[in-house]
Every structure is written in structure tokens, then in C-alpha cells.
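Biologist: Could you load the chain so that we can go through it together?

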Amino acid sequence: RCFHSSCPFAACAFYSNMPFALAYSNVFKPYICDGFFVLLVIFLFYLYQQKKINVYMLAVCWAVFIWFSNPVCFFEGGLLICEAVFAAVEKNWGKIKGLFLTGVSILASFLIYYFFWLREVAVGDVMQNYWAGQNFPLFPASFEDLDKMKNMIKEIFQNLGIYRYIFLFLMAGMLIAAFIKKSRILIGCYLGILITCFASYINMYPVEDRLWCFLYPII
């Protein structure tokens, strides 16, 4: 429904047969759960677009999801920014007000979550030292940074097996198609990926394939 896919079961079959996904679906870790909640964020945004739920229900659900999965905030931000830009172009100030309130509720929920639990993990010496050097060089300043960027993208996509180059090509093509068709969901998803990369750039979200497991269902 969200992506107007003519054969959605093909995507489900591909994902459910990934050895990487199968391995982590059998352990008590949050990585597979991240994928579920990110998809749920996207689906609720679709319901909001279809006027099946109002902006207040969207705000409450998105605020709660943050407590279940860290990556959801990146995609909530991406979808909100995309929708706000389109609303500004349309001069729909009522919608912008609702989106602003949604953003405030998400930010409040994240701040409570951050100071309650995440801060010690995110900025503590133990985890910072453990993930040292795993930040994504979003703004490369040298050939070393470009090489690091290439290796990190390779690490994330290697779990797609022999199809990784096809998916990279398709993602580039879909980015162009998203702007041509003005698909707010697709543009929002790409913005979500960009925000994730920025969070990694400022040492707030390391690049490790299992931490980016949420990306595979979207791909």
C-alpha cells in the first residue's frame, strides 16, 4: 500500500530468506525489532496521508515508538521534514501546525528517553571507545574518508548477497523516481537514511551491519 508494489510477497520472501535476518531473528536482540518499528512508522504515516488517522494519533504513536527502537526517530524526522516542506509549498499552514506539534511531542519523548537511559550508553566512554572509528564520513575531507565511506556502504549491503549491486542501482533509480512522482513516503525514507548517516557522522550512531538491520526491509 505504501509503495504501490505489484508483488509485495516477493520482498517478504527475499527478506525472510536472508541468512543475516534469519540469524538475528533467533536471538534476544533488538535488531529485527528495529525493522518492524521502522516499517510501522512508515505505515502509520501512510494512514495519516489517507486520513485514516489524525495528526494527534500519529504524534502519540510515534512518540511511544521511540521507546521501543532508536532508529525510528530518524525516519520520523525524515517523513516530518518531507511533509512539512510539501505543506509549506502548498501554503497549508494548518497542516504545518499539526506537524510542528507532532515534532514537539517526538522531541519531548526522545529527550525523556535519552536522559532516562540512552545518554549513558550513547556518550559513555565504554561505548564510545567500543565504536571508535565507526562513524560514517558524511562529508568526506580526504581520500581516506572516501575509502572509509565505500567500505561502510559495502559492509551494510554485503548481507544482500550477490544482489547487492542490483539493490544499490535500484535505490539510486528510486531516489530519482521519488522526486519525479513526488512520493512523500519515498522521499521521507531517503531523508531518514540521510539523518541516520548524519547521526553516525556526529558519533551518535555507529555503522555496523546489525545496527542497520532496519534498512533491509525498506530496501
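Modeller: We can start with the fold as a whole and then turn to one helix.

Biologist: Fine, how many helices and strands are there in the protein chain?

Modeller: This is a predicted model, and its protein chain has eleven helices and zero strands.

Biologist: How does the radius of gyration sit against the globule rule?

Modeller: The radius of gyration is 18 Å and the globule rule gives 17 Å for 219 residues, so the protein chain is as compact as a globular protein of that length. Along the principal axes, the C-alpha atoms fill a box of roughly 45 × 45 × 40 Å.

Biologist: And what share of the residues is buried?

Modeller: Buried residues account for 42% of the 219, while the accessible surface is about 13000 Å², with 69% of that area belonging to carbon and sulfur atoms.

Biologist: Which contacts join residues at least 24 apart, as a percentage?

Modeller: If one takes the contacts between residues at least 6 apart in sequence, 66% of them join residues at least 24 apart.

Biologist: Switching to α5, why does its end-to-end distance agree with the expected span?

Modeller: Helix α5 covers residues 72-89, and at 1.5 Å a residue its 18 residues should span 26 Å, which agrees with the 26 Å between its end C-alpha atoms.

Biologist: Which residues in α5 are buried?

Modeller: Among them are V72, F74, F75, L79, L80 and F86, and the buried set also includes E76 and E83.

Biologist: What happens just after α5?

Modeller: There K91 takes a positive phi, with a value of about 60°.

Biologist: Last topic, how far apart are the mean positions of the charges?

Modeller: For the 16 positive and 12 negative charges of the protein chain, the mean positions lie 14 Å apart.

Note on methods: Residues are numbered from 1 along each chain as its sequence is written. This is a predicted model: local features need pLDDT of at least 70, side-chain atom pairs count only at pLDDT 80 or more; totals for chains, interfaces and linings use all residues. Side-chain values use heavy atoms; hydrogens and water are left out. Helices (H or I, at least four residues) and strands (E, at least two) are DSSP runs, numbered from the N terminus. The expected span of a helix is 1.5 Å times one less than its number of residues. Buried means under 20% relative accessible area, exposed over 50%, partly exposed in between (1.4 Å probe, protein chains only). The radius of gyration is taken over C-alpha atoms; the globule rule is 2.2 Å times the number of residues to the power 0.38. Contact means heavy atoms within 4.5 Å. Accessible areas come from the Shrake-Rupley method with a 1.4 Å probe; for residues, only the protein chains shown count as cover. Lys and Arg count as positive and Asp and Glu as negative; His and the chain ends are not counted. The place of a charge is taken as NZ of Lys, CZ of Arg, CG of Asp or CD of Glu.
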